[in-house]
Amino acid sequence: MEFFTKEIQPVLNEYCYGCHGGGIAKGSVTLDEFTNVKELKDHELWLRALRNVRAGIMPPVDEPHLPPEQSAKLSQWIKRQIFELDPAQPDPGRVTLRRLNRVEYRNTVRDLTGVEVDTKLEFPADDSGHGFDNIGDVLTVSPLLLERYLDMAQTIATKALPAQSRVVAEATIPGQKFTAAPATAPPVMVTERSRLNPPPAPIDLSYYETSQVYTKYRAPHAGDYQVVFDLRAVERYVENEFDLNQSKLTLKADGETLLERELGREGSKPLEFVFDRTWAAGDHELTVELRPQGEARPQVRQLRLRLNAVVVRGPMAKEYWVASKDYARFFPHAPPTDLADRRKYAAEILGKFATRAFRRPVDAPTVARLVTLAESVFTEKNSTFEAGIAQAMVAVLASPRFIFREEDVETPRAGHAHPLIDEYALASRLSYFFWSTMPDEELFRLAASQRLRAELPTQITRLLAHPRSSELVKNFTGQWLQARDIATIGIDAPAIFLREHPPSPGFNRARATIRRISEIPDVNRTPQDVAALEAARKIRAEVTGKTGPQLTGSLRTAMQEETEMLFAHVLAEDRPLTELIDNHYTFLNEELAKHYDISGVTGRAMRKVTLPPDSPRGGVLTQGTVLAVTSNPTRTSPVKRGVFILDAILGTPPAPPPPNIPALEDAASPEKLRQMTLRENMALHASNPLCASCHSRMDPLGLALENFNALGQWRTNEMNHPIEPAGQLITGEKFTDIRGLKRILATDRRQDFYRCVSEKLFTYALGRGVEYSDTETIDQLVAQLEASGGRPSVLIRGIIASAPFQQRRRFAPTEAVHERLHQLADGEAAIIDRGDPVARMHS
């Protein structure tokens, strides 16, 4: 208290007590009523004070400014005396056991087993905390989600693991392998070692003209084969129009007719025909023929027969069977016949699989239990070794050690307050940060040899350069900048068009006429009423039929890619992070360029485009993603846009609004609102003392973007009123339009942005929110960014090198933690030891 009384209290008295002392408590904060050290060490209070002082919010711009040396003294006192932070022994902060979120689960299953899982369809949406969906505190496991994990484990194992080592050979001949001349199609053959299964590429045959296509299949051996024709009837939809043309389908093998069938309009129905054939070794010709039938009718629906592929299976004799698809991925060789050897082989397979699934070496007792489970299945009558291994893998995929990211620590180091996480945990933190998936073989190898930390700089470069780092770009920008919300945001394009192109007085008169005559019963309407109603409806239809630009699916995709490609470019080229706010380029294709009214861009491919010198575009704030997701369905929202800038760019989000705040539209009568600009409407709303303090921060930022409508297009007027984007930040800087605001944010408020993006990326990397104990770490990251000119590589390497990423607090688990760990272990044992649904439910 003595240092506070002598050194800090005079500063507070001069610059803070005018609003937070002497009986005045603006924002419910007082700074002159501390009576002891315990009251003084209010971490939440002083963290808010530190943020406000650094952001220039406090003292207010119209009050005496806190000199830099006094600000530094206050900051150091808060960090050293209140937070008790020691730069030599940084606090890594708390850690919460993290469950894999939907994206991480999908990617991990894919890389572990090769199976693609649609987690958006199979699992409920993940909760979010601190703006991200990978936060440990909110990634809970409900009973419903646990059941989905158990069911999905069975599904994945069934899809991934072949039920037996050898199967009938199968060749897939895509439709595009068929040609119009029988002699030109090269023979398709299947090898002895593996099945030929290229991606299918279809061809379409028209109902309206005769078509014959052929291919040849080279049978490697004489024997019984099965031939499957995979077809589909397709058409172009035309409302209230019918196509009555018919055609005859003929399928042949070696000139012999296998099928003749008349086809009409089939409604896009799949058609599959299966035939058994006995063939000699050598080439065999397959033919698909389509001939028009009957009288030619109008061709309104473009009826077609799509030849997807022909699948040939065989020979059926077992001596010609081939290795099952992906068999070698899980089974290095065929299983031995001796039971003891089978157990040893099962232990080898399951030990390797569980080690990769758990992202660290699996213990011997767990492997033994898994082998016992596998043996209980493969020793049953009519079962196989592969089926037993699959059931044991179900237990692994349902284990808490797979679903959660388990971490361990190394032996405590002398003179250090907190231990390092072990190298397997470090490998997982790196891979899930950059790739949102499990570690690859190189990370596993380095962790096993205890060389990962020594080679960390090289590995960071490798992980960032790998194509999988697109997951970092997509998932981080998708949440930090809300880019992924563009896919589902609701925008009423016609309402926006009418707002920017207000109807004429004639339209308003027509609308009044429709209302008036609609209230008259039909039997009481005069001929003049009927004529006036019809004329008024025509006028209304002419106006309401003008919808203006639409936010199509392809346009939404291009907008999202624009944001992602900008961030990826800054990351890959190590450009200053401030280019995310203000630059002279963006990424466009033809559709998005036309939407932005930028000429000279053609084609569907997205590419880097240099903007005209006077363009207001450049930076995320003027991209369609941000502009649309921060709008209301029928108009822009300066409040939402201002909140976005405060939260995502400056890192100083406003407090939640108090309850029962009236809507913006309630500030005046509808008649008066139609005569007001949006700026005037907001000024009237903000005149309420309850609203003024927050709106003075939000509104100037949001109104600076008013030249962009809710679709992200440039405009100069709204409701026939000129737009006035000029404003002043709460910190005093003035600007005339969005160009000036971007320059201020990228220069004068640069350190605020550095702090904000550091905290956002830190949160994403650690899976937890920023706490007071992280203040020193964030300060160091900001200082490093400032010294490097804002290079993202410096920020990423700084986060990975920091104590929170490398270490974990030393703690003694509470009884509750012990109980939870025992529950997880018991649940895993139940899943492994018992395969019945009751045991699974209990676990």
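**Helix packing and backbone exceptions in a predicted model**

Good morning. I begin with helix 17, residues 470-480, which is mostly covered: nine of its eleven residues are buried. I should say at once that the model is a predicted one. The buried residues of helix 17 are Glu471, Leu472, Val473, Asn475, Phe476, Thr477, Gly478, Gln479 and Trp480. What do these buried residues pack against? Their partners are helix 6, helix 14 (423-434), helix 16, helix 21 (553-573), helix 24 (638-649) and helix 29. After helix 17 comes Gln482, which has a positive phi, near 60°.

For context, the protein has 34 helices and 20 strands. It has 843 residues, of which 49% count as buried. Taking contacts between residues at least 6 apart in sequence, 74% join residues at least 24 apart.

Three of the partners of helix 17 return in what follows: helix 6, helix 16 and helix 29.

In helix 6, residues 102-113, I would draw attention to Thr108. Is this residue buried or exposed? Thr108 has a relative accessibility of 1% and therefore counts as buried. If residues up to four places away in sequence are set aside, Thr108 touches Leu100, Arg359, Phe402, Tyr432, Thr437 and Met438.

I turn now to helix pairs. Two packed helices are described by the angle between their axes and the distance between the axes.

Let us take helix 16 with helix 15. The axes of helix 15, residues 441-448, and helix 16, residues 456-465, come within 12 Å and cross at roughly 165°. An angle over 145 degrees counts as roughly antiparallel, so helix 15 is roughly antiparallel to helix 16. Their crossing is left-handed. On the side of helix 15, the contact involves Glu442, Leu443 and Leu446, which meet Gln459, Arg462 and Leu463 of helix 16. By class, the residues of this contact are three nonpolar, one polar and two charged.

The second pair is helix 29, residues 750-766, and helix 30, residues 775-788, whose axes come within 9 Å and cross at roughly 125°. How are these two helices oriented to each other? They are oblique, and their crossing is right-handed. Helix 29 contributes Arg750, Gln751, Tyr754, Arg755, Ser758, Glu759 and Phe762 to the contact, while helix 30 contributes Thr777, Ile778, Asp779, Leu781, Val782, Leu785 and Glu786. These residues divide into six nonpolar, three polar and five charged.

Helix 30 also leads us to helix 4, since helix 30 is among the elements against which the buried residues of helix 4 pack. The others in that list are helix 1 (2-15), helix 3 (37-40) and helix 5 (68-82). Helix 4 covers residues 43-54, twelve in number, and spans 16 Å from its first C-alpha to its last, close to the 16 Å expected at 1.5 Å a residue. Which residues of helix 4 are buried? They are Leu45, Trp46, Leu47, Leu50 and Val53. An α-helix has 3.6 residues a turn, so residues three or four places apart point the same way.

I close with the backbone. Most residues other than glycine have a negative phi, and most peptide bonds are trans. Several sites merit inspection against that background.

Just after helix 4, Gly56 has a positive phi of about 80°. In the loop between helix 4 and helix 5 lies Pro59, and the peptide bond joining Met58 to Pro59 is cis, with omega about -10°. Another cis peptide bond, with omega about 0°, joins Gly314 and Pro315. Pro315 is located in the loop between strand 12 (304-313) and strand 13 (322-323).

Two further residues, neither of them glycine, have positive phi: Ser28, near 60°, and Asn382, near 65°. Ser28 sits in the loop between helix 2 (17-20) and helix 3, whereas Asn382 sits in the loop between helix 11 (364-378) and helix 12 (385-397). Are these residues buried or exposed? Ser28 is exposed, at a relative accessible area of 71%. Asn382, at 75% relative accessibility, likewise counts as exposed.

To return to the starting point, helix 17 is mostly covered, and the partners of its buried residues include helix 6, helix 16 and helix 29. Thank you.

Technical notes:
Residues are numbered from 1 along each chain as its sequence is written. This is a predicted model: local features need pLDDT of at least 70, side-chain atom pairs count only at pLDDT 80 or more; totals for chains, interfaces and linings use all residues. Side-chain values use heavy atoms; hydrogens and water are left out. Axes are lines fitted to C-alpha atoms, for helices over the stretch in contact, and angles run from 0 to 180 degrees between N-to-C directions. Helices (H or I, at least four residues) and strands (E, at least two) are DSSP runs, numbered from the N terminus. Angles under 35 degrees count as roughly parallel, over 145 as roughly antiparallel, 65 to 115 as roughly perpendicular and the rest as oblique. A crossing is left-handed if the near helix is turned anticlockwise from the far one by less than a right angle, and right-handed if clockwise. Contact means heavy atoms within 4.5 Å. Ala, Val, Leu, Ile, Met, Phe, Trp, Tyr, Cys and Pro count as nonpolar, Asp, Glu, Lys and Arg as charged, and the others, Gly among them, as polar. Buried means under 20% relative accessible area, exposed over 50%, partly exposed in between (1.4 Å probe, protein chains only). The expected span of a helix is 1.5 Å times one less than its number of residues.
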